[in-house]
Every structure is written in C-alpha cells, then in structure tokens.
Amino acid sequence: QSNRRSRLLSTGDPVCVGETIVTSHSGMVQIRMLDDGLISVRPQTQIKVEKFAFSGTNKDGSLLALLKGTCRIITGKIGKRYPQNDLIKTPTVLIGIRGTDHEATVILPEDIGNYPSGTYDKVNQGITFIRAGNGEIDIHPNQVGYAASTGELPTILKDIPVFYISGPFVDQETGLSNKANK
C-alpha cells in the first residue's frame with residue numbers, strides 16, 4: 001500500500017520506500033533487499049519501509065516500521081557495516097540490529113490471543129537491542145526481549161513465546177523458505 005493505493009505483489013516486483021506491506025490471514029512475502037538482507041513477512045502483518053539507502057557509504061541506512069504482526073529479518077550489508085543505521089521501530093520501542101537474524105513481533109491491544117500487547121524480539125543469531133522509556137536491553141541468541149509500552153523498561157522473558165516456536169523462515173545461506181523454525 002502507498003498513498004491510499006493497493007497493489008498485489010508478484011515474484012520479482014520491487015518494494016519501494018514509503019510502501020507498506022500488508023499480509024492477509026494466510027499471506028506471506030519474502031523480500032530480498034538491495035544490500036542482500038532478507039525480510040520474511042508473516043501472515044497478518046503490516047510493515048512499512050520508511051527509509052532504505054544503499055550505496056556502500058556510511059550514509060547507508062534502513063528504517064522499517066513494524067506496525068503489527070511478525071517479521072523475520074536477516075541483516076544485509078547495511079546491518080553488518082553500519083549497524084547503528086539499521087533499525088526497526090514499533091508502536092512501543094526502537095529495535096537496533098547488530099548483524100543478526102531475529103524475529104520482531106508487535107501485538108496490538110485489540111489483538112485477541114494469549115500474550116499481552118507490546119513488542120517482542122527473538123534473536124536467532126547475533127545481538128539486538130530494545131530501547132524504550134529510559135532504558136535499553138541487549139538480546140542474545142535464544143532470548144526474547146519484551147516491552148509493553150514506550151514508558152516501561154524492556155525485559156528479557158524467561159520462556160520463548162509459542163508464536164516463535166514454529167513457522168516458516170528464510171534460510172540465511174540459500175534464501176529459501178523452510179517450513180519449521182531452527
């Protein structure tokens with residue numbers, strides 16, 4: 001979606017800065033970024049490309065707005081060379097990427113389910129951080145960070161939420177989708 005217009009994506013279609021990817025109840029999309037980063041957008045997700053610039057300089061940067069749902073991101077050259085310029089913002093927090101494979105989830109207050117609303121981030125490889133309120137936490141592999149709101153300090157959860165246990169993912173080496181999570 002862009003400027004109140006919608007279009008259906010087909011394999012190979014470009015996604016541009018300013019566009020919001022919206023997936024249906026059963027829809028998924030995988031996006032290979034120009035810096036070789038991979039984004040796997042899960043069902044019932046809304047993610048907007050707010051900024052993306054890749055020219056091989058320190059002005060390179062990526063800013064994604066995860067508005068609702070879940071996406072898995074494997075960082076590309078921007079995240080590896082200039083991690084401070086590779087960010088995800090959600091309604092409650094800012095997630096910083098440090099050369100990672102991670103999954104961010106936003107659960108809105110009106111969403112029905114077993115988990116409280118807020119932002120969750122599970123790291124598969126590398127490190128991310130969640131910044132909210134007056135604090136920041138680092139999240140390491142096999143950990144999930146959580147922040148309920150912008151005013152609360154983020155925490156590390158004791159257990160990985162069930163919604164991270166299964167589902168398709170993009171393999172970092174091949175770029176192919178698999179049916180089960182590593």
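Start by selecting Asp-101 in this predicted model and show what surrounds it. Leaving aside residues up to four places away in sequence, Asp-101 touches Arg-72, Ile-73, Ile-74, Val-123, Asn-124 and Gln-125. Now trim the selection to Asp-101 and Arg-72: their side chains are joined by a polar contact of 2.4 Å.

Switch to cartoon and find strand S7, which runs over residues 94-107 and holds Asp-101. Is Asp-101 buried or exposed? Its relative accessible area is 5%, and because the cut-off for buried is under 20%, Asp-101 counts as buried.

Next, turn on the surface and pick Tyr-115, Ile-160, Val-162 and Ile-165. You're looking at a nonpolar surface patch, with about 340 Å² of accessible area between the four of them. Zoom in on Val-162, in the loop that links strand S11 (155-156) to strand S12 (169-170). Val-162 has a relative accessibility of 58%; exposed means over 50%, so Val-162 makes the cut.

Finally, select everything and zoom out. Colour by secondary structure and you'll find one helix and 13 strands, in the order β-β-β-β-β-α-β-β-β-β-β-β-β-β along the sequence. The radius of gyration is 15 Å, close to the 16 Å from the globule rule for 182 residues, so the protein is as compact as a globular protein of that length. The C-alpha trace spans about 40 × 35 × 35 Å along its principal axes.

Two last views: colour by burial, where 45% of the 182 residues count as buried, then bring back the surface, about 9,800 Å² of accessible area with 51% belonging to carbon and sulfur atoms.

Terms used
Residues numbered from 1 in each chain as written. Predicted model: local features only at pLDDT ≥ 70, side-chain atom pairs only at ≥ 80, totals over all residues. Heavy atoms only, no water. Helix = DSSP H or I, 4+ residues; strand = E, 2+ residues; numbered from the N terminus. Buried < 20%, exposed > 50% of the residue type's maximum accessible area, 1.4 Å probe, protein only. Polar contact = N/O pair within 3.5 Å; in protein donor to acceptor, adjacent residues only side chain to side chain. Contact = heavy atoms within 4.5 Å. Patch = residues over 30% accessible without salt bridge, like charges linked within 9 Å, V, L, I, M, F, W, Y side chains within 5 Å. Areas by Shrake-Rupley, 256 points an atom, 1.4 Å probe, with all protein chains shown as cover. Salt bridge = Lys/Arg side-chain N within 4 Å of Asp/Glu carboxyl O. Rg over C-alpha atoms; globule rule 2.2 N^0.38 Å.
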